[in-house]
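I opened my notebook for a new structure today. I wanted to see how the sheets are put together and what surrounds the ligand.

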Amino acid sequence: MARVPRRVLRRLLSVGEDSDAVVAAAPPVPLSGVFRRFWPYTRGGRRWLVVLLCFSLIGPVLDGAEVWIFKIVVDDVLVPRDLSPFLWIAPAYLGLVIGSGVLGFADDVTSTWVSERFLLALRADVFRHVQSLSLGFFERRRLGDVLSRVTGDVDAVETFLLSGVANALYYVVEVGVFLGLLFYLQWDLTLLALVIVPLFWSAARHFSRLIKDASRERRRRSGSLSAIAEESLGNVALVQAYNRQGWEERRFERESVGKFRAAMTSARIRAVYGPIVEIIEVTGALAVMALGTWKLAQGQLTLGGLLVFLALISKLYGPLRDLSQLSNTFYAASASAERIIELLDQRPQVVEAAGARRLGRARGDVEFEGVSFRYPGTSRWALADVSFRAAPGETLALVGASGAGKSTVAKLQLRFYDPDEGTVRIDRTDLRDLRLSEVRDSVAVVLQETLVFHGTVGENIAYGRPEATEADIVAAARAADAHEFIRLLPEGYDTVVGQHGRTLSGGQRQRLAIARAMIRNAPVLLLDEPITGLDARSGRRIMEPLRRLMAGRTTIVISHNLLTVRDATRIVVLDHGRVVERGTHEDLLAHGGTYAQLHRLHAVTDHSTFAASPSNGKVRS
Ligand SMILES: Nc1ncnc2c1ncn2[C@@H]1O[C@H](COP(=O)(O)OP(=O)(O)OP(=O)(O)O)[C@@H](O)[C@H]1O
């Protein structure tokens with residue numbers, strides 16, 4: 001019979017089986033591990049931790065003194081009905097209350113300062129760490145979950161380390177002071193009062209495990225919620241165009257309900273825990289009261305003594321209960337700490353070698369030699385034995401069907417990944433031997449998907465070189481053929497473009513990206529499908545500023561669109577990650593292979609675009 005209620009209780013107090021998770025739970029870490037991991041972040045505020053420790057020593061002493069004065073009032077004023085001691089008791093009591101107030105103020109301000117400094121250091125470090133991770137990490141992880149860890153879980157670690165520890169110390173000192181007073185008053189009664197301590201602890205141990213499970217589930221669901229919100233709001237145009245709002249809402253709601261369930265489980269655990277602790281506490285107090293009353297009757301204890309004893313017992317049980325509850329708080333916060341630790345344990349796949357060499361201003365000699373590469377976790381070679389070289393100032397075009405591996409070449413050139421076999425070089429030096437920041441400084445990119453940040457047009461152009469002057473920005477915009485349209489914007493270069501530059505057209509965004517690459521003035525230029533998404537006319541308009549940008553730089557142009565390829569000094573044709581042809585435009589046409597085929601196909605598409613375009617106004621100029 002007892003099994004049924006036990007089963008019900010277990011169901012009520014556990015979070016249940018893990019459903020197919022949007023975001024997986026982080027691996028568990030013991031409390032001591034969490035503590036060791038985050039303790040170094042208290043470095044700047046340890047001196048203040050000592051001050052806080054002093055406050056926590058003084059506070060309970062003042063508290064104890066207030067209770068002791070109460071004993072004197074009962075024994076020396078109330079029982080003998082004599083007012084004279086009251087003349088010193090009243091100012092002493094007032095003094096104690098004022099002292100406690102001042103101490104409370106100083107304690108609040110100092111502890112908040114220490115906590116916030118800790119958070120500042122931790123948050124900055126977590127963010128710095130996440131930024132240092134390789135592209136591969138971001139390609140695998142859900143951004144929303146990472147955001148939720150950086151912003152939400154970090155705060156909980158503070159609870160664990162500082163507030164938690166400061167409170168624990170405070171409670172321990174309180175327990176010490178009150179125990180001392182109690183032993184001084186009546187040692188045998190005190191021992192009786194302490195019988196409940198093991199009960200307190202076993203309850204706390206049992207419940208904190210349950211709390212930890214529920215808290216982990218809550219944090220995991222929070223991560224999932226952020227991930228879903230980020231994905232669906234970030235792609236709102238797609239969601240609305242395909243009428244998928246309902247589906248997105250249901251996904252969001254499923255995680256919300258999961259979080260709600262986890263929150264309810266925690267609430268139930270706490271709600272059961274509270275009364276259990278109270279029952280233990282009252283049992284102890286009743287036992288003490290019974291023995292105390294017997295002692296009062298025997299004349300072994302004064303009335304003031306008994307009253308103070310009972311007051312002190314309640315003062316003692318307070319921090320004892322808080323201490324046991326604190327273990328719940330610790331376990332709840334450690335669920336967040338685990339998520340941060342998992343993030344901090346991620347190692348960038350691409351790391352700068354110790355003693356990496358300086359590159360300085362590169363000449364722009366780019367070389368791939370026998371490069372093979374597989375994306376982490378995949379079995380297919382994205383590039384297999386790829387070799388090519390572009391001398392300074394040359395233009396090399398990478399051509400091939402979708403998925404042939406063209407963008408992967410760009411990622412390796414930027415050292416977002418390292419090749420599994422072979423070598424990528426700039427100026428004859430392996431990228432792995434060079435400083436990472438200088439490798440990337442040597443390259444300017446214009447990507448398939450133009451990245452525009454929320455900010456002014458001027459700021460977006462200067463992103464390529466933050467120290468650029470206004471004149472540099474305008475010069476770059478002119479060269480990119482962007483000056484005219486920027487001038488017509490409501491506030492010119494100070495016009496704020498929304499996130500992803502949604503207030504600009506595709507062609508305008510592309511010209512902004514060209515201006516950004518222009519201002520960077522790097523020796524190597526990577527153009528990844530620079531005219532994708534533009535209609536034929538805009539595509540042709542972009543060609544002129546692109547040619548200006550390419551002049552005097554080593555350019556690797558990745559394109560389906562053979563318009564941008566014709567001028568290349570050398571063309572490399574990729575197929576399923578392998579180089580299948582190489583040569584000039586004329587050579588390859590004459591060869592009649594894959595390139596010639598692509599060229600014929602392109603001529604047809606280009607012609608059909610042209611044929612279909614008059615109604616769209618997309619006429620060849
Ligand atoms: N982050 C990734 N993780 C795993 N596989 C990837 C990743 N990025 C690309 N791939 C795979 O590697 C291969 C080459 O992709 P890549 O993006 O280089 O092709 P591409 O030639 O640039 O294609 P497109 O012209 O369509 O942009 C493809 O099979 C693709 O599925």
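Here are my entries, sheet by sheet and then the ligand.

**Entry 1: the starting point.** I am working with a predicted model, so I read each detail below as part of a prediction.

**Entry 2: the mixed sheet.** I looked up the strand order and found an open sheet of 6 strands, β6-β9-β10-β3-β11-β12, with mixed pairing. At its edges I noted β6 (443–446) and β12 (578–583), each of which pairs on one side only. From one strand to the next, the twist averages 20°.

I then picked out one pair inside this sheet. Strand β3 (residues 395–400) and strand β10 (residues 554–558) run parallel and are joined by 4 bridges. If you want a place to click, start at T395, whose bridge partner in β10 is T555.

**Entry 3: helices on the mixed sheet.** Which strands does α12 touch here? Helix α12 (residues 406–413) packs on the sheet and touches β3, β6, β9 (524–528), β10 and β11 (570–575). The direction of α12 makes about 145° with that of β10. I also followed helix α17 (residues 506–520), which lies across β6 and β9 and runs at about 175° to β6.

**Entry 4: the antiparallel sheet.** Next I turned to an open sheet of 4 strands in the order β2-β1-β4-β5, where the pairing is antiparallel. Its edge strands are β2 (383–390) and β5 (429–430), each pairing on one side only.

Going through the pairs, I found 5 bridges between β1 (residues 366–373) and β2, with V366 standing opposite A390 in β2. Another 5 bridges join β1 to β4, and there E367 stands opposite R425 in β4. β4 and β5 pair over 2 bridges, and R425 turns up again, with D430 as its bridge partner in β5.

β4 and β5 form a hairpin with 2 residues between them. In that turn I marked D427, which has a positive phi of about 50°.

**Entry 5: α12 once more.** I met α12 on this sheet as well, where it touches β1, β2 and β4 (421–426). Its direction makes about 115° with that of β1.

**Entry 6: around the ligand.** Which element gives the most residues to the shell around the ligand? I found that α12 does, with 3 residues. The residues around the ligand are E139, Y375, T378, A382, G400, S402, G403, A404, G405, K406, S407 and T408. Sorted by character, the shell divides into 3 nonpolar, 7 polar and 2 charged residues.

Conventions
Residues numbered from 1 in each chain as written. Predicted model: local features only at pLDDT ≥ 70, side-chain atom pairs only at ≥ 80, totals over all residues. Pairing = 2+ DSSP bridges. Axes fitted to C-alpha atoms, helices over the stretch in contact; angles between N-to-C directions. Contact = placed C-beta atoms within 7 Å. Near = placed C-beta within 6 Å. Nonpolar A, V, L, I, M, F, W, Y, C, P; charged D, E, K, R; others polar.
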